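Colleague: I would like a close look at one part of this model: the places where one chain meets another, and the charged side chains involved. Please take me through it step by step.

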Amino acid sequence: MKKARGPRKVRRRATKAGLPPGTAVYTGDAPAMPVRITAFDYDQDRLETLTPDSAQACSRFLETRSPTWVSVEGLQDSRLIQQICDVFGLHALTHEDILNVAQRPKLEDFGEYLFIVLDALDQDPVNGDITVRQISLVVGKNFLLSFQETQSELFKGVVDAIHSGKGRVRKEGVDYLAYRIMDVIVDHYFLVADRLSQRIEALEEVVLSNPARETLEEIYHLKRAMLATRRSVWPLREVLGSLERGDSLLVTPATRVFFRDIYDHTVSVVEMVESNRDLLSGIHDLYLSSLNNKLNEVMKVLTVIATIFMPITFIASVYGMNFKWMPGLEHPWGFPIAVALMACVGVGMWLYFRTKSWV
Amino acid sequence: MKKARGPRKVRRRATKAGLPPGTAVYTGDAPAMPVRITAFDYDQDRLETLTPDSAQACSRFLETRSPTWVSVEGLQDSRLIQQICDVFGLHALTHEDILNVAQRPKLEDFGEYLFIVLDALDQDPVNGDITVRQISLVVGKNFLLSFQETQSELFKGVVDAIHSGKGRVRKEGVDYLAYRIMDVIVDHYFLVADRLSQRIEALEEVVLSNPARETLEEIYHLKRAMLATRRSVWPLREVLGSLERGDSLLVTPATRVFFRDIYDHTVSVVEMVESNRDLLSGIHDLYLSSLNNKLNEVMKVLTVIATIFMPITFIASVYGMNFKWMPGLEHPWGFPIAVALMACVGVGMWLYFRTKSWV
Amino acid sequence: MKKARGPRKVRRRATKAGLPPGTAVYTGDAPAMPVRITAFDYDQDRLETLTPDSAQACSRFLETRSPTWVSVEGLQDSRLIQQICDVFGLHALTHEDILNVAQRPKLEDFGEYLFIVLDALDQDPVNGDITVRQISLVVGKNFLLSFQETQSELFKGVVDAIHSGKGRVRKEGVDYLAYRIMDVIVDHYFLVADRLSQRIEALEEVVLSNPARETLEEIYHLKRAMLATRRSVWPLREVLGSLERGDSLLVTPATRVFFRDIYDHTVSVVEMVESNRDLLSGIHDLYLSSLNNKLNEVMKVLTVIATIFMPITFIASVYGMNFKWMPGLEHPWGFPIAVALMACVGVGMWLYFRTKSWV
Amino acid sequence: MKKARGPRKVRRRATKAGLPPGTAVYTGDAPAMPVRITAFDYDQDRLETLTPDSAQACSRFLETRSPTWVSVEGLQDSRLIQQICDVFGLHALTHEDILNVAQRPKLEDFGEYLFIVLDALDQDPVNGDITVRQISLVVGKNFLLSFQETQSELFKGVVDAIHSGKGRVRKEGVDYLAYRIMDVIVDHYFLVADRLSQRIEALEEVVLSNPARETLEEIYHLKRAMLATRRSVWPLREVLGSLERGDSLLVTPATRVFFRDIYDHTVSVVEMVESNRDLLSGIHDLYLSSLNNKLNEVMKVLTVIATIFMPITFIASVYGMNFKWMPGLEHPWGFPIAVALMACVGVGMWLYFRTKSWV
Amino acid sequence: MKKARGPRKVRRRATKAGLPPGTAVYTGDAPAMPVRITAFDYDQDRLETLTPDSAQACSRFLETRSPTWVSVEGLQDSRLIQQICDVFGLHALTHEDILNVAQRPKLEDFGEYLFIVLDALDQDPVNGDITVRQISLVVGKNFLLSFQETQSELFKGVVDAIHSGKGRVRKEGVDYLAYRIMDVIVDHYFLVADRLSQRIEALEEVVLSNPARETLEEIYHLKRAMLATRRSVWPLREVLGSLERGDSLLVTPATRVFFRDIYDHTVSVVEMVESNRDLLSGIHDLYLSSLNNKLNEVMKVLTVIATIFMPITFIASVYGMNFKWMPGLEHPWGFPIAVALMACVGVGMWLYFRTKSWV
């Protein structure tokens, strides 16, 4: 589990530098908690649920021809993960990639199985921080393994559908199940992208009315959130594009139509993100222009004040000089005339600025 | 029906997250009104018009070999839409996409029929807000279904052409009819793009003469309108490109020439939008530069005033000091000489600024 | 004929929205004048020139196997254009595109003939406005039709070459004639791009020495002219690329070498335009930086003046206070010492600014 | 060894201009030190290590069918390098490229062997300067040559793995060995990219709280480091892409899976660099906006002060005039009323600015 | 020979507009001087050198099967060039392109021969102006023609290699000779790109320490030089890519390896240019930010001065009023207290600004 406010952390990967490749350690920062394994074996008529505490318990399902879904939540127990990988015959690199949760979303076809890495986005409703969690799917001939970093309720809808037996899910194979799981994840992208859109819209009002220093920070943080979303969505699109084209024999033509559907959704998310980027950069420009506008206003006030009071203060200063002889000093109308002169200059300046519409 | 001032809303899609896929609900925000169905069955010699109130009424036309157009306006009645989809044998995903009006324009070939999603743009003549309405077309062997979010007069021209029997439309198949409908939509893009061009041209004058805060808002709103147009046009171009290339057997070679024609029109719209984007970003730069120009002017005024009056006010202050002995205090020419000195300094400054052409 | 200062106008196209497609009306804004038709039928030994007043008069040439060039100048007479299209068997869409002069440059292969749309640029030598005129070429097996919006001297060089009988033109077919006509048009692009380069170079001097508000307008107008040129040249490049590759059987391999030559020229023009764009955007940055430089200078003047005169004016004010007892008031050296103090402060400030090289 | 703060130096290459191509001289700037050669010949059961002082000593290994790794550290001894190239039958251009260390990362297939050029990045932990060292690999049928510019501990992990005999390395061929070496290099890219990310994150805090001139320099230096990283990573990605696709017969299908793995890592690094670029350019914008914000604040202070004190100083000046008759001069309440007036004006201005929230 | 400070001149091309294509005139601006022709006919054992004054003199070499190199320096003598083209059977377009020196670098395969157009860059060591000279190569089966605009020492190294008979050049065919000539040209690109890098590095120091108006001009001129280099290098890369792929039968597989080598060099130059562009645009941003920084500093000085002296001058003004009764006027401590008050205010302001770290 990684906060996406900063660029995604890859420190663990880095600290492995020098170790022989193939060393499989969990590299995420999810809090330690017991691993939860749930296994489903079902067909149209039958559903068997199991919460095995060892990998061997799952192996029994491997022999059945009916679809089997083994959902693993939590990756801290390296030994257990190792066993599961061994039971299902996964390649060493797959094993490593499941645990090294700084993977880029990707699809690898190992012939016997498809290995799919995805990012599930989760957004803190209060401060909008985005958390990126890696989800690994292994789609075999009649089994599907899903690995999550922590226990979560993300796939609750899918589990319910399997339990209820309604809809297509019990009638189709594991490829359709993979579609259902990925559909849930893509739906969450919509949620995140949509909330970002709303925050951008709110920001727009603020920038036009009252740009402040905080606005700037908000813009920058939204930019980061956008970048993080983008980094997860773009490769996801490639993954789904490959599934839709049917590059693998493990995906039936009937299911490909469904992958095409979420492929289209992903394209929509990508476009939302890209257009949000454009809007955000437009808002930044707006912010800068607003600042400039404000500066202009401030400077106009200063200039108007200075230009009115400097000349009339000067007139007053002239008659403040201590020369013995100055015209009108002794005259009773001297003061009123001087004041009238100042008033004229002041009002004249004011009117001048009116014509330039500075005031 | 969605306002395009903000990024296109996808909230309904989002709220469906977790539901089994395939749940078909209308996700737009068009006001509830009765669905209007109009069916046309025609050939060169014959025209039959029907306003059926149930889907079954249409099924009779399916058996004829002549082209049939069923136009559905309004999507609120889920049950009715369901029936129509069933009668014409549409896939569950097609059914879902017709109702979920946040689709990206696309073309899907289901073998039996082509499913085309388009955006019709409509621009409020007063404030320039753009409304995006989804239009779904299903082009079968001898039937065409069109789905709109609300009752509209958009296709009036096509209906009239069918009634009058003039022109090609009654002589050709449903592919030509699809072309006619899409031509109407593309023509509206021209209208929208053209109006945006005109507003940009008007803006250009304003920015050069008198940039104001409202100008900035206007620039930003035009940018949003442009983005919305762009998001609808770019995928439309792909759709038409595919139709023109004749990827589907449902489009005859003779009709492909016509699709090539509106493909070219779409490319023109795309170029108009892109060049408008460039112009708009040029205008934003112009705005910023104009602001800077204005600031420079304001600062020059301030500097000229300050630079003229500060020194002469200083001279006056000097003779305002209360020292007993100051040269010339008692002299009758003291004051005139002091004033002359100030005048010299003031005029000298003024001339200096003239040479720098600040005034 | 359309001014290219603004984005190319497409209003006529737009007003056609709703009419059945295929309605062919002239959509340009060239002044009404009689259509001028000139027909040439020639081979190496023979040249027959005709200025027919009806389309039927041309049909005689169609039967000969020698190349025939029918040059039509002026598109207002819809009926006449219709007749010509009928005589030469042009598709309804070709007919429409000839008259609808807001086409994007393109090449359409109708099997029987190639339909080529081009933009001829013409630049007003005084204010640099660019006029875009559409030129349509129809290249058949042994005939070439050229359509221009108004009477012009553009193709004079080609006509002269035909008359004189020198060079290749009389020895080759209509594909070579098409090359000659397009070469003339591409040469005009060079002229336009070259003049834009010269204006940019002139602008550069101005921006560095004395940036003014007009400079900004000039930059913006050059940007628009560049955009217009770009919109005509880019698609032209595609057209020529297709001719060079020999996609059509109507172009002989020997002539393709010549099309490759003007294709290279078009690529050169594209590069000139692109590099002019870069230069222009560089000049805009230069302008902004120059403005900022000027502002800095102005502010330095203001700051220097204020910083010198404020302290010394303050000193004078202190001795302008009316306290009975102030040190030195009565002393004969009081005034000189005060003035000396002020001079010291003033000169000190001045020297301080010298060290910061502000003055 | 080249500092990457500036663009990579290519002066040596340049000074060779005019010499016949094929002149092989070391062009780097690593300090002169004796060349260290280490040779390993191994299979699953056997390991022979040799530190030969001449090239001929290695030739013995060539005849064995077991994998041989000759690691050359230091390139100053041209004669020795020449001998090695001759013994292993390398092309003159390969020989030249090994010594000319300004090569761009690339993969060349000479049939008999693959020639791979890589950049190893090393970052100074204190000032963050990046040093780029060229590493050349020659992958033959049963030998691998590695050339480094200086003696280094970079491949220590691989050497240890060979010595220990654990893991796959002793069981596989030279292609797997090449993978292990390249994996070490790619891991270093992660380290560098990760440190850059951390510095960018630190910078972000500084820019928002207290932007200074040094911040600007830091931003610029990070930009340069990013550019240098980018120039090394992008071509590396192509190299690995080619290895992964299996364009060469020297790479076995089993090993290709591993190359796919580091290819994915390289793509991750590329994305980190690209997103860091985006963040950095966002920080630059932030910096500029912060500066503008500060300027606005400063100007507001100035304007508030001037606008409060100019009017009240003016009032004081008026009563500083020396007219005989001025209203209230003699009155005991004259002074208090004048002061009260000034206070009113001053406070009034202050309140006015409060409403505009300038203070 | 054209100065590349401005966009490359194409005026001559433009003035040819309207003339029949195929009119071959020299369009460069090199000073008129006699054409120098040097011919070499050689094989491994034999070298024959000739400085013929007519084209016919060369024709003798055509009959030999040994490689022949005819180097033409100077293009003013149209008649002579015409003869050479005739003797070697060049196409009219090749002839025209040799003389029209505003060509874009390109490779044309005429079957009998390859026609290669290149740009040789030459940089004035003092002011950094770049001169672009076109070099045309015609590579036949056993002859190579090279055309330069003026007499030059550019190919001296190649000539020396032929004379000395060392190295490969006498043992290989004309394709290797073409490689040697192009290698010289690419080496000069390195020199130019390297000098630009150095000037950019020098600029960076200046911008950070003391940005001036001249810096801005320098940045802009470097940008232009970069653009000119770019326009010559990018198409050169395509030319070499085509030679490396071996699209033509006139290039032997053995020589293709060498073309791959300079292709790689060209890619390096392209990357240097692109990264210099990035650096330069970074420096421009740096310049603008530095300016803004300076402005902020200036404004702070002004604000500090104004904010300190305005209030205390006001206090002085208050006691400069001429009211009969003001508190403390008569008191001996009046003046010291007033001065102390002013000092307090002044110092207080100063301390306030210290806390905001403005001073």
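Modeller: Happy to. One yardstick first: a residue is called buried when its relative accessible area is under 20%, exposed when it is over 50%, and partly exposed in between. Please also keep in mind that this is a predicted model.

Let's try the yardstick on a charged pair within chain A. Arg46(A) has a relative accessibility of 31%, so it counts as partly exposed. Its partner Asp43(A), at 27%, is therefore partly exposed too. The two form a salt bridge, with the closest N and O atoms 3.9 Å apart. The pair qualifies because the rule accepts a side-chain nitrogen of Lys or Arg within 4 Å of a carboxyl oxygen of Asp or Glu. Over all chains, the search of the whole structure finds 100 salt bridges.

Now to where the chains meet, beginning with chain A and chain D. Here 64 residues of chain A are in contact with 61 residues of chain D. Together they bury about 5800 Å², and carbon and sulfur atoms give 63% of that area. Charged groups take part as well: there are 6 salt bridges between chain A and chain D. One of them joins the side chains of Arg224(A) and Glu204(D), at 2.4 Å from N to O. In addition, 14 residue pairs make polar contacts across this interface.

Which parts of chain A face chain D? Six elements of chain A each supply at least two residues: α1 (11-15), α4 (92-99), β5 (106-109), α7 (213-245), α8 (253-318) and α9 (334-355). The most comes from α8(A), which gives 20 residues to this side. Sorted by class, the side of chain A that touches chain D has 35 nonpolar, 10 polar and 19 charged residues.

How are chain A and chain D related in space? A rotation of 72°, with 0.0 Å of shift along its axis, superposes chain A on chain D with an RMSD of 0.0 Å. The two copies are thus related as by a five-fold rotation axis. Within chain A, the C-alpha nearest that axis belongs to Gly320(A), 4.7 Å away from it. The copies do not meet through matching surfaces: they use different ones, and 17% of the contact residues of chain A recur in chain D.

Chain A also meets chain B. This contact takes 63 residues from chain B and 59 residues from chain A. The area buried between chain B and chain A is about 5800 Å², with 63% of it on carbon and sulfur atoms. The rule finds 6 salt bridges across this interface, and the count of residue pairs in polar contact is 14. On the side of chain B that touches chain A, two or more residues come from each of α1 (11-15), α4 (92-99), β5 (106-109), α7 (213-245), α8 (253-320) and α9 (334-355) of chain B. The largest share, 21 residues, comes from α8(B). By class, that side of chain B divides into 35 nonpolar, 10 polar and 18 charged residues.

Arg277(B) deserves a pause. Across the interface, Arg277(B) forms a salt bridge with Asp278(A), the closest N and O atoms lying 3.5 Å apart. Within chain B, Arg277(B) also forms a salt bridge with Glu274(B), at 3.8 Å. Glu274(B) and Arg277(B) sit 3 residues apart in helix α8 of chain B, so about one helical turn separates them. Glu274(B) is partly exposed, with a relative accessible area of 22%, and Arg277(B), at 29%, is partly exposed as well.

The pair we began with belongs to something wider. Salt bridges that share partners join Asp41(A), Asp43(A), Arg46(A), Glu48(A) and Arg60(A) into one network.

Finally, where do chains fail to meet? No contact joins chain A and chain E, whose closest C-alpha atoms lie 9 Å apart. Chain C and chain D do not touch either, and their nearest C-alpha atoms are 9 Å apart. Chain E does have a salt bridge of its own to look at: Arg245(E) pairs with Asp247(E), with the closest N and O atoms 3.3 Å apart. Arg245(E) is exposed, at a relative accessible area of 53%.

Terms used: Residues numbered from 1 in each chain as written. Chains lettered and ligands numbered in written order. Predicted model: local features only at pLDDT ≥ 70, side-chain atom pairs only at ≥ 80, totals over all residues. Heavy atoms only, no water. Contact = heavy atoms within 4.5 Å. Buried area = accessible area lost by both parts, 1.4 Å probe. Polar contact = N/O pair within 3.5 Å; in protein donor to acceptor, adjacent residues only side chain to side chain. Helix = DSSP H or I, 4+ residues; strand = E, 2+ residues; numbered from the N terminus. Nonpolar A, V, L, I, M, F, W, Y, C, P; charged D, E, K, R; others polar. Least-squares fit on C-alpha atoms with pLDDT ≥ 70 in both. Buried < 20%, exposed > 50% of the residue type's maximum accessible area, 1.4 Å probe, protein only.
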